[in-house]
Amino acid sequence: MIPQNVKDILANGENVGLLQTLSMIFFLIFFLGIVIWVFSRSKKHYEEEANAPLEDDIDDRNL
């Protein structure tokens, strides 16, 4: 029988539990990496980015 979709492949595989565990571990590592990266940035960086729309640019005045 040829599987029709990914659900059939994952439902009938031998190492389905292992693949699910590895994908969860990779997701958690990626998510925690993003969280650590965000919190490791300085507050000054975020303050500059937050105030960017309020600053007057020279290019905007020439339009």
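Modeller: Quick bit of vocabulary before we start: helices and strands here are DSSP runs, with at least four residues for a helix and at least two for a strand, numbered from the N terminus. Also, keep in mind that this is a predicted model.

Biologist: Okay, how many helices and strands are there in the protein?

Modeller: You'll find four helices and zero strands. Reading from the N terminus, the order is α-α-α-α.

Biologist: And where is confidence lowest, and where is it highest?

Modeller: Helix 4, residues 58–61, has the lowest confidence, with a mean of 59, while helix 2 has the highest, at 93. For the whole protein, the mean pLDDT is 80, and 78% of the residues reach 70 or more.

Biologist: What do I do with the low bits?

Modeller: Where pLDDT is low, don't read the predicted coordinates in detail.

Biologist: New topic. How many aromatic pairs does a search of the whole structure find?

Modeller: One. The pair is Phe 27 with Phe 31, and the two are stacked, 6.1 Å centre to centre with 20° between the planes.

Biologist: Where do Phe 27 and Phe 31 lie?

Modeller: Both are in helix 2, four residues apart, which is about one turn of the helix.

Biologist: Why does Phe 27 count as partly exposed?

Modeller: Because its relative accessibility is 48%, and partly exposed covers what falls between under 20% and over 50%. Phe 31 is partly exposed too, at 44%.

Biologist: Which residues form the nonpolar patch on the surface?

Modeller: Met 24, Phe 27, Leu 28, Phe 31, Leu 32 and Ile 36, with about 620 Å² of accessible area together.

Biologist: Is Ile 36 buried or exposed?

Modeller: Ile 36 is exposed, because its relative accessible area is 58% and the cut-off is over 50%. Ile 36 lies in helix 2, residues 16–40.

Biologist: What share of the protein's residues count as buried?

Modeller: Just 2% of the 63 residues. The protein exposes about 6400 Å², and carbon and sulfur atoms supply 64% of that.

Notes. Residues numbered from 1 in each chain as written. Predicted model: local features only at pLDDT ≥ 70, side-chain atom pairs only at ≥ 80, totals over all residues. Heavy atoms only, no water. Patch = residues over 30% accessible without salt bridge, like charges linked within 9 Å, V, L, I, M, F, W, Y side chains within 5 Å. Areas by Shrake-Rupley, 256 points an atom, 1.4 Å probe, with all protein chains shown as cover. Salt bridge = Lys/Arg side-chain N within 4 Å of Asp/Glu carboxyl O. Buried < 20%, exposed > 50% of the residue type's maximum accessible area, 1.4 Å probe, protein only. pLDDT = per-residue confidence, 0-100. Phe/Tyr/Trp six-rings, centres within 6.5 Å; stacked < 30°, edge-to-face > 60°.
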